[in-house]
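Fancy a few warm-up problems with a protein model on your screen? Work through each task yourself before you peek at the solution.

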Amino acid sequence: MLIKEEKKVAIKKEKDVIRQEMDTIKKKKDVIKQEKDVIKKKNSIKKKKDVIKQEKDVIKKEKDVIIKQEKDVIKQEKDVVIKQEKDVIIKQEKDVVIKQEENEDSFEFNSSTEESTNKKRKKSSNKKSLNKRPKSFWTKEEDQALFDAVTSFVNGRWKDVCSKDSSLTERGPRMVYQRWNTKSKYFLGANVGK
């Protein structure tokens, strides 16, 4: 009987040990399952992050395209406005030149007697010898002075334009007018002195 009881006790101990081992295995399985769940969550989060990154890239590309289109539209509108402003300025300046030519012509042809014309010729010949220098090429500084003077005296006379700068005074109103008339396209294109 003692042997049977000892066997029973030994079997019971072995069963307890097996149960404990099974419990530890079960706990390990639970831990592994939890770790797998964590890994799955991490993978799903990573996939979500990848999707979000792709969406951000798409949004950035669309934004760049929209910004480029808006810049192109703004540039085109700016070019149109600049062209219109140049056209208006050219028209105004042509009108001013035409009025000044009319004023000069009426002033020259309204003399009533030959004596007054002779006196004017003598005075103008004296002025020419004193105020005008010999013919020479226009410098960039003179062209810049002419451009600045004309833009500041839009509705003035050529004498007023000449009085703006000493180099223009030396040239005289007629030479200044002729220079402006021949170079106005370059002046208005901002190519002063070329």
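The exercises below go from overall layout to single side chains, and the model they use is a predicted one.

**Exercise 1. Work out the fold content and say how much of the chain is buried.**

Solution. Start with the secondary structure: the chain has six helices and zero strands. Reading from the N terminus, that gives α-α-α-α-α-α. Next, burial: of the 194 residues, 14% are buried. The chain exposes about 17100 Å², and carbon and sulfur atoms supply 56% of that area. Finally, take contacts between residues at least 6 apart in sequence: 59% of them join residues at least 24 apart.

**Exercise 2. Decide which parts of the model deserve caution.**

Solution. Begin with the chain average, a pLDDT of 79, with 77% of the residues scoring at least 70. Then go element by element: helix 1 (residues 2-109) has the highest mean pLDDT, 86, while helix 2 (residues 114-131) has the lowest, 49. Now zoom in. Residues 106-115 fall below 50, and this stretch has five contacts in the model beyond near neighbours in sequence. Residues 126-131 are also below 50, with four such contacts. Where pLDDT is low, don't read the predicted coordinates in detail.

**Exercise 3. Find the elements that build the largest nonpolar core.**

Solution. The core has 13 residues, and those touching the most other members are Leu146, Val150, Trp158, Val161, Leu168, Val176 and Trp180. Map the core onto the elements: helix 3 (140-152), helix 4 (158-163) and helix 6 (173-188) each give two or more residues. Helix 3 contributes the largest share, four residues. For a close-up, pick leucine 168 and skip its neighbours within four places in sequence; its contacts are then Trp138, Glu142, Ala145, Leu146, Ala149, Val161, Cys162 and Val176.

**Exercise 4. Classify the aromatic pair, and say what it links.**

Solution. The count comes to one aromatic pair. Its members are tryptophan 158 and tyrosine 177, with ring centres 5.5 Å apart and planes at 65 degrees. Planes over 60 degrees apart count as edge-to-face, so that's the label for this pair. Now place the partners: tryptophan 158 is in helix 4 and tyrosine 177 in helix 6, so the pair ties together parts 19 residues apart in sequence. Both residues are buried.

**Exercise 5. Which ring does the charged end of arginine 171 sit over?**

Solution. Look at tryptophan 138: the charged end of arginine 171 sits over its ring, 4.5 Å from the centre. Tryptophan 138 has turned up already, as one of the contacts of leucine 168.

Terms used:
Residues numbered from 1 in each chain as written. Predicted model: local features only at pLDDT ≥ 70, side-chain atom pairs only at ≥ 80, totals over all residues. Heavy atoms only, no water. Core = buried A, V, L, I, M, F, W, Y, C linked by side-chain atoms within 4.5 Å. Buried < 20%, exposed > 50% of the residue type's maximum accessible area, 1.4 Å probe, protein only. Contact = heavy atoms within 4.5 Å. Phe/Tyr/Trp six-rings, centres within 6.5 Å; stacked < 30°, edge-to-face > 60°. Lys NZ or Arg CZ within 6 Å of the ring centre and 35° of its normal. pLDDT = per-residue confidence, 0-100. Areas by Shrake-Rupley, 256 points an atom, 1.4 Å probe, with all protein chains shown as cover.
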